[in-house]
Structures are given as C-alpha cells and as structure tokens.
Amino acid sequence: MVSSVKKSDAVAELLPEDVRKAGTLRIAAATGSPPGAFYEEDGTTLSGADIDFADAVAKVLGVELKREAASFEAILPALGSGKYDLGTGNFGVTDVRRKTIDFVTYINDGQGFAVREDSKLKEVTDLTDLCGLNVSTGAGTTFEVSLQENLPRCAEKGKKPYEVKTYADPAAGWLSLKQGRTDVNMSTINGLRYAVTQQEGLRFLNEYKRLDVGFAFKKGSPLTPAFQAAVNELKKDGTYDRTLEKWGTTDSAIEKSQISPPELKGPEPK
C-alpha cells in the first residue's frame with residue numbers, strides 16, 4: 001500500500017531547503033499498542049497504522065525516515081531537546097500539550113475503557129463512576145492526566161477514591177486487568193477495541209472522549225505545513241482511506257489535516 005504512494009513535488013517544496021537536501025528526518029515511534037504501532041512476531045519489524053501513515057507521508061515528501069523506537073513518555077520531551085524531528089504514538093491533541101508541542105492531525109481517536117467480561121461496570125460517563133476501583137493506564141498519557149486531575153472529586157462526592165496504576169508497557173496493563181489486580185483499563189478507543197478481540201475474557205466498555213491525534217513536533221517546527229499538505233494528499237489519492245480500512249479504524253477518519261487545532265472537549269463533570 002505505502003509502496004504505491006508517489007512523491008508530490010508541490011508538497012515537497014513546502015519542506016525547508018535543508019531538509020530537502022538532506023533527504024532524511026529523525027522520527028521516534030512509541031510501540032506496543034496495536035493497531036497503532038507494534039512489533040511483528042519476528043521481534044524486529046514494526047507495523048501499525050502510525051507506521052503506515054508516517055511512511056506514506058514520507059513518500060509524498062520524498063524523504064527517508066530514520067525511525068527509532070522510544071517509550072511514549074520520553075518522546076515529547078525529546079522533541080523539545082532536538083533529538084528527533086517528529087514523533088508518533090497516538091498522541092492526542094490537548095490544549096496543555098499545544099503549549100509546547102505542534103501537531104499535524106491524521107486521525108481522530110480518544111479515550112475509552114475496557115473491563116473483564118465478569119465486570120459489573122456497565123458504562124463510564126463520568127470519571128467518578130470509577131471511584132473505589134483500581135484503574136490501569138499508560139504512563140505519561142492524557143489518560144493519566146485526566147485521572148489524576150479528577151481524583152479529588154471522589155472525596156467531594158463522599159466516595160472512596162479510585163487508585164491509578166500506570167504502566168510504561170501496555171501489555172503489563174492488560175495483564176494487571178486479566179489477573180484482577182486492576183478493575184478497568186483506560187486507553188485509546190482504537191487500541192481497546194483491537195485488544196479485546198485478541199484476548200479472551202475482556203470486553204470494550206465504552207468511548208469516553210474523542211481527541212484528534214497527530215504527528216508531534218517541537219513548537220514552531222517548520223515541518224508542519226509540509227506534513228499537513230502530505231496527509232491531505234493521501235486523502236485525495238485514496239491511500240488514507242485504504243490505511244484506515246487495513247487497520248479496522250475507519251471510524252477514526254478526519255475530513256482534513258489540521259495544525260494544532262483546539263482540543264476536542266469531552267463530557268462535562270457531573
């Protein structure tokens with residue numbers, strides 16, 4: 001699919017001259033969260049929607065990506081230090097992140113929940129629905145931030161607080177849920193839907209909040225106009241839709257790529 005993508009000279013012209021001459025960009029990729037990015041059974045080949053979208057954009061721009069796997073929580077700070085030119089990892093666009101990071105959107109995903117099949121929890125419409133439970137989530141994620149910010153609201157309602165257990169490795173979070181050490185997993189909508197099809201005894205609970213997801217760049221990066229144009233080029237030639245279909249994420253389609261749009265607002269606290 002990616003191999004059929006053609007370079008667009010008009011879009012490539014939007015790249016800074018030094019990047020066009022060098023012909024390479026350094027990209028950090030968070031892994032371990034299919035269908036976004038994960039290692040195949042050989043342990044060395046990276047696959048996933050994030051990988052395909054980044055590679056397709058690079059083809060449109062006529063550049064080669066020098067990809068390095070990195071932990072999710074390490075990527076955004078590393079962009080600021082100049083270690084990488086961009087990063088992927090299903091990074092949700094939030095107003096807090098937009099203060100220090102620029103984004104070029106390519107899908108819409110967001111926050112949701114999964115539980116064991118025998119869970120009595122039917123739906124989470126407000127984070128206080130989690131009071132008294134053990135919640136697993138990824139370290140350094142928007143989920144961790146949301147959970148920590150809302151934690152005091154349990155006490156305000158006279159309820160026992162929920163306990164947040166963070167995991168740098170998504171697989172460890174799923175294991176804690178299956179073994180009963182946690183009661184509910186908060187993660188990406190697409191990741192949750194995929195994971196429950198691959199593991200017995202688990203079910204997707206519900207969507208909670210939608211977020212735009214984008215390639216992440218250092219604030220003020222001159223690369224963002226070219227990447228935005230490249231994503232929109234992929235939408236025009238059909239590669240975009242075919243990639244979503246490949247990974248079963250057609251509900252995540254966006255109408256057009258944007259640069260650092262305002263955060264999509266979720267449910268108001270009860």
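A disulfide is a pair of cysteine sulfur atoms within 2.5 Å. By that criterion, this structure, a predicted model, holds one disulfide. The bond joins C131 to C154, with an S to S distance of 2.0 Å. C131 sits in the loop between β6 and β7, while C154 belongs to helix α7 (residues 152-156), so the link ties together parts that are 23 residues apart in sequence. The angle about the S-S bond is -90°, which makes the link of C131 and C154 left-handed. Both cysteines, C131 and C154, are buried.

The next topic is the annotated domain. UniProt, in an unreviewed entry, lists residues 24-251 as "domain: Solute-binding protein family 3/N-terminal". In the model, the end C-alpha atoms of residues 24-251 are 32 Å apart. Helix makes up 36% of this span and strand 29%.

A separate assignment divides the chain into domain 1 (2-109 + 211-259) and domain 2 (111-209), and both give residues to the lining of the largest pocket, so this pocket lies between them. Its volume is about 820 Å³. The lining of the largest pocket consists of 50 residues, and the closest of these to the pocket centre are G32, S33, P170, S187 and T188. Several helices and strands give two or more residues each to the lining of the largest pocket. The helices are α3 (49-61), α6 (142-150), α8 (170-178) and α9 (189-198). The strands are β6 (101-116), β7 (134-138), β9 (184-188) and β10 (202-218). By class, the lining of the largest pocket has 23 nonpolar residues, 23 polar residues and four charged residues.

The second largest pocket has a volume of about 570 Å³. It is lined by 23 residues, of which V145, S146, E149, K209 and E263 are the closest to its centre. Domain 1 (2-109 + 211-259) and domain 2 (111-209) each contribute at least three residues to the lining of the second largest pocket. Among its secondary-structure elements, α5 (95-98), α6 and β10 each supply at least two lining residues. The largest share, five residues, comes from α6. By class, the lining of the second largest pocket has eight nonpolar, eight polar and seven charged residues.

Some elements recur in the two descriptions. Helix α6 and strand β10 each give two or more residues to the lining of the largest pocket, and α6 and β10 each supply at least two residues to the lining of the second largest pocket.

Conventions. Residues are numbered from 1 along each chain as its sequence is written. This is a predicted model: local features need pLDDT of at least 70, side-chain atom pairs count only at pLDDT 80 or more; totals for chains, interfaces and linings use all residues. Side-chain values use heavy atoms; hydrogens and water are left out. On a 1 Å grid over the protein atoms alone, a cavity is a set of points where a 1.4 Å probe fits but cannot get out, and a pocket is an open set with protein on both sides within 12 Å along at least five of seven lines; lining residues have an atom within 4 Å of a point. Grid points are joined across faces, edges and corners, and a volume is the space filled by probe spheres set on the points. Helices (H or I, at least four residues) and strands (E, at least two) are DSSP runs, numbered from the N terminus. Ala, Val, Leu, Ile, Met, Phe, Trp, Tyr, Cys and Pro count as nonpolar, Asp, Glu, Lys and Arg as charged, and the others, Gly among them, as polar. Domain bounds come from an automatic or database domain assignment. UniProt positions are given in the numbering used here, feature names are shortened, and annotations may be inferred rather than shown by experiment. Buried means under 20% relative accessible area, exposed over 50%, partly exposed in between (1.4 Å probe, protein chains only).
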